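Biologist: I'd like to go through this one with you before I head back to the bench. Can you take my questions one at a time?

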Amino acid sequence: MSSLEANARWREAVDLLHTIGKLRMLPSGIVAGSAINCLRENLGKSSALHLLRETRKIWLEAESADEGLRIGPRSVAGFEVLSSSSGILAIAKPEGISTEDAIAKLASILRRPLSIISRLDLPTSGVLPAALGGEQAASTHWLQAQFAGRLVSKEYLCLCVGRPSGSMCAEFEISSPLLAAQAGPSSVRAEVAAMGRPAQTLCCARALYSAGDCTTSLLKVQPFTGRTHQIRVHLASIGFPVVGDRVYGNSQTSQPEWCKRLFLHCWRLRLLDLSDE
């Protein structure tokens with residue numbers, strides 16, 4: 001399926017997904033998402049959403065629908081709960097904890113399986129969604145398909161060094177391909193490379209701050225692809241590294257006295273829960 005997606009052969013990708021359904025096989029969210037993304041790129045979001053909803057019927061038929069987890073307290077295991085509805089739980093992940101550890105801790109406290117559908121880097125804070133159920137749950141496939149199909153709207157806030165050209169609130173796009181490689185036993189580093197994977201980031205300056213010789217800009221950033229360290233690498237590549245970035249920043253941004261963390265926060269996600277709302 002990924003080969004068909006890469007070559008934009010959307011008719012074949014959709015036919016394959018339909019064949020899987022007719023054979024009473026259960027397509028994974030990743031496989032379905034590849035076909036959905038191919039359709040989105042060629043026929044638009046409306047057609048992609050139609051295919052997503054048709055595939056949802058297959059997943060729901062394979063199990064009873066999850067009624068959702070309704071959490072009374074707004075905090076679980078020390079995490080602020082942002083939303084809990086049909087098939088999904090979203091928390092505010094603080095910086096300094098991995099996505100894997102955060103979800104594992106939640107699952108242990110709630111005593112029910114949770115599946116990772118998206119990740120935030122260790123030093124990044126913000127909205128972190130999880131599927132209510134195991135890897136084969138309808139909720140997991142449904143949410144994975146939305147991310148793989150690039151139907152999820154993601155918005156970040158970050159503070160970067162420097163001032164982008166253009167007027168305030170003017171949008172600018174970074175579309176340099178990115179290549180990720182192992183940089184150590186447990187670390188990965190990405191870089192702009194002609195042989196890298198396509199990556200697209202939309203940015204908009206919302207505020208400027210000056211202190212002495214240092215000028216920083218508050219940006220709203222929307223990554224349309226989900227490459228490793230995409231926002232950080234893209235901004236650093238055009239000379240506006242994120243404040244507090246020890247990996248891709250420079251001496252001016254690596255560890256300022258007034259900011260002891262990476263100034264990058266996922267502040268909004270838009271996606272559909274299992275009830276299609």
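Modeller: Sure, and keep in mind that this is a predicted model. A good place to start is helix α7, residues 230–237, which is mostly covered.

Biologist: How many of the eight residues of α7 are buried?

Modeller: Buried here means under 20% relative accessible area. The buried residues of α7 are Gln230, Ile231, Arg232, Val233, His234 and Leu235. Just after the helix, glycine 239 takes a positive phi of about 90°. As for the count in α7, it is six.

Biologist: And α6, which elements cover its buried residues?

Modeller: Helix α6 is largely enclosed by the rest of the structure, because 10 of its 11 residues are buried. Among those buried are Ala138, His141, Trp142, Leu143 and Phe147. The cover includes α3 (29–43), α4 (45–61), β3, β4 (114–116), β5 and β6 (153–161).

Biologist: What does serine 139 touch, leaving out residues up to four places away in sequence?

Modeller: Serine 139 sits in helix α6, which spans residues 138–148. Its relative accessibility is 1%, so serine 139 counts as buried. With sequence neighbours up to four places away left out, it touches Glu63, Gly87, Ala131, Leu132, Gly133 and Leu274.

Biologist: Which residue after α6 has a positive phi?

Modeller: Here's the background: most residues other than glycine have a negative phi, and most peptide bonds are trans. After α6 comes a residue with a positive phi, near 55°. That residue is arginine 150.

Biologist: Where is alanine 77, and what is its phi?

Modeller: Alanine 77 is in the loop between β1 (75–76) and β2. With a relative accessible area of 23%, alanine 77 is partly exposed. Its phi is positive, in a residue other than glycine, and the value is near 55°.

Biologist: What about aspartate 276, what is its phi?

Modeller: Aspartate 276 is found in the segment after β12. It counts as partly exposed, because its relative accessibility is 24%. This is another residue other than glycine with a positive phi, near 70°.

Biologist: How far apart in space are serine 84 and alanine 130?

Modeller: Serine 84 lies in strand β2. It is buried, with a relative accessible area of 13%. Along the sequence, serine 84 and alanine 130 are 46 residues apart, while in space the C-alpha to C-alpha distance is 9.8 Å.

Biologist: I always check cysteines. Which cysteine has the sulfur nearest to that of cysteine 203, and how many disulfides are there?

Modeller: A disulfide calls for two cysteine sulfur atoms within 2.5 Å, and the structure holds zero of them. Cysteine 203 is in no disulfide, and the nearest cysteine sulfur is 7.0 Å away. Cysteine 203 is also buried, at 0% relative accessibility. The nearest sulfur belongs to cysteine 158.

Biologist: Is cysteine 259 buried or exposed?

Modeller: The cut-off for buried is under 20% relative accessible area. Cysteine 259 has a relative accessible area of 6%, so it is buried.

Biologist: Which residues lie closest to the centre of the second largest pocket?

Modeller: That pocket holds about 200 Å³ of space. Its lining has 14 residues, and the elements giving two or more of them are β2 (79–85), β3 (88–93), β5 (125–132) and β12 (264–270). By class, the lining has nine nonpolar, two polar and three charged residues. Closest to the centre are Ser83, Ile88, Ala90, Leu269 and Leu271.

Biologist: What about enclosed space, which residues line the largest cavity?

Modeller: The count comes to one cavity of 30 Å³ or more, and the largest cavity has about 70 Å³ of space. Its lining divides into six nonpolar, four polar and one charged. The residues are Arg163, Pro164, Ser165, Gly166, Ser167, Met168, Ala170, Phe172, Ala205, Leu208 and Ser217.

Biologist: Last one, on the whole chain. What share of the residues is buried?

Modeller: The secondary structure comes to seven helices and 12 strands. Of the contacts with a separation of 6 or more, 63% join residues 24 or more positions apart. The chain exposes about 13,900 Å², with carbon and sulfur atoms supplying 51% of that. Of the 277 residues, the buried share is 48%.

Conventions. Residues are numbered from 1 along each chain as its sequence is written. This is a predicted model: local features need pLDDT of at least 70, side-chain atom pairs count only at pLDDT 80 or more; totals for chains, interfaces and linings use all residues. Side-chain values use heavy atoms; hydrogens and water are left out. Helices (H or I, at least four residues) and strands (E, at least two) are DSSP runs, numbered from the N terminus. Buried means under 20% relative accessible area, exposed over 50%, partly exposed in between (1.4 Å probe, protein chains only). Contact means heavy atoms within 4.5 Å. Accessible areas come from the Shrake-Rupley method with a 1.4 Å probe; for residues, only the protein chains shown count as cover. On a 1 Å grid over the protein atoms alone, a cavity is a set of points where a 1.4 Å probe fits but cannot get out, and a pocket is an open set with protein on both sides within 12 Å along at least five of seven lines; lining residues have an atom within 4 Å of a point. Grid points are joined across faces, edges and corners, and a volume is the space filled by probe spheres set on the points. Ala, Val, Leu, Ile, Met, Phe, Trp, Tyr, Cys and Pro count as nonpolar, Asp, Glu, Lys and Arg as charged, and the others, Gly among them, as polar.
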